[in-house]
Amino acid sequence: MSFKRVTYDVVVLGTGATGLVAALAAADSGATVGLFEKGDLIGGTTALSSGVVWIPANKYAAEAGVVDSREEALAYLDALSHGMILPELAEAFVDGGSELITWLESSTPLKLRLVPGFPDYHPEHAGGKPLGGRSLEPELFSFDQIEGWGERMIGTTRPMNVTETPIGGGTGILAAEVDAERRSHAIEGLGRALVGSLLKGCLDHGVEPVTGARATRLLADGEKVIGVELQTAEGRVEVYAKAVILATGGFEYDDELVRDFLRGPMRRPAGVPTNTGDGLRMAMRLGARLGNMREAWWVPVAQLPGGRPDGGNNVLLVLRERTLPRSIMINRKGRRFTNEAANYNALGGAFHTFDPASFDYVNQPCWLVFDQGFVDAYGGFGVPAGGLAPEWVTRGEDLADLAGRIGVPAPALEATVTRWNKLVAAGHDDDFNRGDSAYDGWCGDRARYPGVMATLGPLDQGPYYAVELLTSTLGTKGGPRTDVDGAVLDVDGQTIPGLFAAGNVMAAPTGMVYGGAGGTLGPALVFGYRAGRAAAGSDR
C-alpha cells in the first residue's frame, strides 16, 4: 500500500454546496485549501436538489418591496423551535445571511435571485411570510465556464430556473427553442447551477476538488486536530492542516446509525449514497458532543422502477401530486390522517404517529389515492395532463377494487372518499384544514391559487389509482454540536481545536424546523461560510 503526506492550511471534506462555500471562504481569506470528495462525482445531494436557499431579511426581497426583519425571522424560528433551536445559532444564521450574500456577489460567480411569492412553510406562525421573500435560487449557469466538470458532477442536466418549474409557479416545460438554446451553451439551473457556480469560484481561487478520497480518521496531536487520513485508489494518504472542516453530509445511508438515532422509520433516502456518516463517526471518536440526532429533513417519496446512475435510491419526491386537487392520503385502515398539502418535513411527524395499543406506526404503510379526473387534469408522476397513468401505479376500476389491490378495508376507503367529497363540496377541510395555510396550495392547481380550491377537489371519476408513499429524508440533521463559527464542541462544551463542521454533518442550527424552501441550504451556506472564515484564521 502506498503512503503519502500532504500539507494545507485548511482541509475541507465534501463537495456539496457546504463544502464548496467553506473551501471558497477559506481560500478567499488567504488559506491554502485541500478539498476532498469521497465519491467519484462531486456535488453531493445539493446537485440533485432545486438549489433554493432560504435566507431571511435578504436584499433581494427588500428590492422587491417585501418587508422583513431580523426580529421577524428570529420570532418565526422561535415560534417553531419547541426548545430545540439554540438562540445563539439562530442569531448567527439570521445575522449571517446578509454578509453571506454580499460576499457571494463580490467574491464568487454565484448570483442569487428571489423566487417571487414562495411562502414560508409555516407562514401563519409569528414572523412567517405568507407572500414569500426568503427563498432564493441561483441564476442560470453555463458549464462551458468549467469545461469537463459537468460530467464529473452528480445529477442530470436541467436547463431551467425554479420559477419555470411547477414548484416555483411555472409549467416545468420550456419552449423548444429556449430549451435548445440553453443546452447548446451548457446552461443549467437548480442545484447543479448552484454547485457549478461555487465550483467555478473554487477553481478561480486555485482550489480543485480531489475525488475518490474517503476520509477515514482524523489525525490529532493531543487534543488538537492536525489533519485527516484519506483512503484513495492509490492507497492511504495523510493530509495535514491547521484546521479540518467536516462537510461530509448526513448518515441516512448507514442502517446502523439510522436505527440508533432517528426518531422513527425512514426508508429509501433521496440523497447521495455516500452519506454514510463518515464525518459523524470521526467526530465521535474525538469526543464530540452530539445534538439533534433524532431529526432529519423528512420527505414522502414514491419508489420508481429501475436504478439511479450514482447507486442511490430511484425515488420521486411526492410534493405536487399530494397537493393537487382530487388526491388524498390514506393509512392502512383506509382513512385520512393529516393535511396532505402540508410541507414535506412536517409530514414526517404524521408518518411517525405511534399507537401504544397496537404498538405500531399506524400511518404506515400509506397510499396517495387519486382518480381519473386527476390524471386528466394534471397527469402527475412524470406524465402530462391527459396522458396515461404510469404502468407501475396501482389501478382499480372502482374504490372497492382499488382497496383490495392495496390491502385496505373497502368500506373504510369508500367512507373516507365520501366524507372527503362532502368537505370539498362545502369548501373547507374540517378534518385537517387542508388549504387553510398560504403554503398549502402553492404546489397545487396554480390557476386556483391563492385559495383552498388550489388543493381541494373531489374523487368521483373512476378508475381510481394509488401510489404507496414512503417516509424518507433529504438528509439527516444530527451531528456534532458547534459554536457560531462551526467549531466542533466536545462533551464538556469546549471546542475541539482545529475541527469544524457545517451542513448536514453538524447538529442542525434550526433544530426540527424547516423554515421554507431552501431551509437546508440556507443554514448550510451561512455556516459553511462562517466555518471557512474561522478555519482560515485558526491557530488552535
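Are R336 and D429 buried or exposed? The points below take up this pair, other salt bridges and one pocket.

1. This is a predicted model. Its structure holds 33 salt bridges, and a few of them are described here.

2. R336 and D429 are joined by a salt bridge, with 2.9 Å between the closest N and O atoms. R336 is in the loop between β16 (327-330) and α10, while D429 is in the loop between α13 (410-426) and β21 (464-476), so this salt bridge ties together parts 93 residues apart in sequence. As to the opening question, R336 is buried, and D429 is buried as well.

3. A salt bridge also joins the side chains of D278 and R214, at 2.8 Å from N to O. The pair links distant parts of the chain: D278 belongs to helix α8 (residues 278-285) and R214 to strand β9 (residues 214-221), and the two are 64 residues apart. D278 has a relative accessible area of 10% and is therefore buried, the cut-off being under 20%. R214, with a relative accessible area of 37%, is partly exposed.

4. How far apart are the closest N and O atoms of D431 and R419? The distance is 2.7 Å, and the two residues form a salt bridge. D431 sits in the loop between α13 and β21, and R419 in helix α13; the pair is 12 residues apart and links distant parts of the chain. D431 counts as partly exposed, at 35% relative accessibility. R419 also counts as partly exposed, because its relative accessibility of 40% falls between the limits of 20% and 50%.

5. Salt bridges also occur as a network, which links R217, E229, R236 and E238.

6. The second largest pocket has a volume of about 370 Å³. Elements that give two or more residues to its lining are α3 (70-80) and α10 (344-351). The largest share comes from α10, with 3 residues.

7. Which residues lie nearest the centre of the second largest pocket? They are L80, H122, H125, N343 and A346, out of 22 residues that line the pocket. By class, the lining is made up of 11 nonpolar, 7 polar and 4 charged residues.

Note on methods
Residues are numbered from 1 along each chain as its sequence is written. This is a predicted model: local features need pLDDT of at least 70, side-chain atom pairs count only at pLDDT 80 or more; totals for chains, interfaces and linings use all residues. Side-chain values use heavy atoms; hydrogens and water are left out. On a 1 Å grid over the protein atoms alone, a cavity is a set of points where a 1.4 Å probe fits but cannot get out, and a pocket is an open set with protein on both sides within 12 Å along at least five of seven lines; lining residues have an atom within 4 Å of a point. Grid points are joined across faces, edges and corners, and a volume is the space filled by probe spheres set on the points. Helices (H or I, at least four residues) and strands (E, at least two) are DSSP runs, numbered from the N terminus. Ala, Val, Leu, Ile, Met, Phe, Trp, Tyr, Cys and Pro count as nonpolar, Asp, Glu, Lys and Arg as charged, and the others, Gly among them, as polar. A salt bridge is a side-chain nitrogen of Lys or Arg within 4 Å of a carboxyl oxygen of Asp or Glu. Buried means under 20% relative accessible area, exposed over 50%, partly exposed in between (1.4 Å probe, protein chains only).
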